[in-house]
Amino acid sequence: MGRFLLPRLPIIAYCEKNHNTDFWKITLYFSQRKLRGDFMIDYSPLWATMEKQKVSQYQLLQGGIDNRTLDSLKKGKNITVLTLQKICTIVGCTPNDVVKF
């Protein structure tokens, strides 16, 4: 498994090759660090969007977001791009409505 930083993006990509199928699995994570300096991921747009769309945390749990991920969102920690996609699907929004840097 390899790890590399994409240039000028706060994303970490993990690559893993499946030896049975010769396909590569690439998992992207938002990083807690920029290339220059620290920053915090801000999920406050998510809570505002959820309130506007009348979506509860319970609905996120029912849609496949687990308690640990909800805790990460509340604490401004990393989430995967797949989780971001799930949240956008459940809430009916875009990534800009979920996260701000």
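**Confidence, core packing and cysteines of the predicted model**

At 14% relative accessibility, Cys93 counts as buried. This residue belongs to a predicted model, in which the protein chain has an average pLDDT of 77 and 60% of the residues score at least 70. Confidence varies along the chain: the mean is lowest, at 46, in strand β1 (residues 2-5), and highest, at 96, in helix α2 (residues 57-62). Two segments remain under a pLDDT of 50. For residues 4-9, the model has 10 contacts beyond four places in sequence; for residues 34-38, there are five such contacts. Where pLDDT is low, the predicted coordinates should not be read in detail.

The surroundings of Cys93 were examined with respect to disulfide formation. The closest cysteine sulfur to that of Cys93 is in Cys88, at 4.2 Å, which is too far for a bond. Cys88 in turn has its closest cysteine sulfur in Cys93, at 4.2 Å. A disulfide requires the two sulfur atoms to lie within 2.5 Å, and a search of the whole structure accordingly finds zero disulfides. Cys88 is also buried, with a relative accessible area of 11%.

Cys88 forms part of the buried side of helix α4 (residues 81-91), where Thr83, Leu84, Ile87 and Val91 are buried as well. These residues lie on the same side of α4, because they cover an arc of only 140° around the helix axis. The face turned away from this buried side carries the exposed residues Leu82, Gln85 and Thr89. After α4 comes Gly92, which has a positive phi, near 80°.

The packing of the interior was then considered. The largest nonpolar core comprises 17 residues, and those with the most contacts inside it are Tyr43, Leu46, Leu73, Ile87, Val91 and Val98. Helices α1 (44-53), α3 (67-74) and α4 each contribute at least two residues to this core. The greatest contribution comes from α4, which gives four residues. Ile87 and Val91 are thus listed both on the buried side of α4 and among the core residues with the most contacts.

Leu46, another of these core residues, illustrates how parts of the chain that are apart in sequence come together. When its neighbours within four places in sequence are left aside, Leu46 is in contact with Leu73, Ile87, Val91, Asp97 and Val98.

Key. Residues are numbered from 1 along each chain as its sequence is written. This is a predicted model: local features need pLDDT of at least 70, side-chain atom pairs count only at pLDDT 80 or more; totals for chains, interfaces and linings use all residues. Side-chain values use heavy atoms; hydrogens and water are left out. pLDDT is the predictor's confidence in each residue, from 0 to 100. Contact means heavy atoms within 4.5 Å. Buried means under 20% relative accessible area, exposed over 50%, partly exposed in between (1.4 Å probe, protein chains only). The arc is that of the directions from the helix axis to the C-beta atoms. A nonpolar core is a set of buried Ala, Val, Leu, Ile, Met, Phe, Trp, Tyr and Cys residues joined through side-chain atoms within 4.5 Å.
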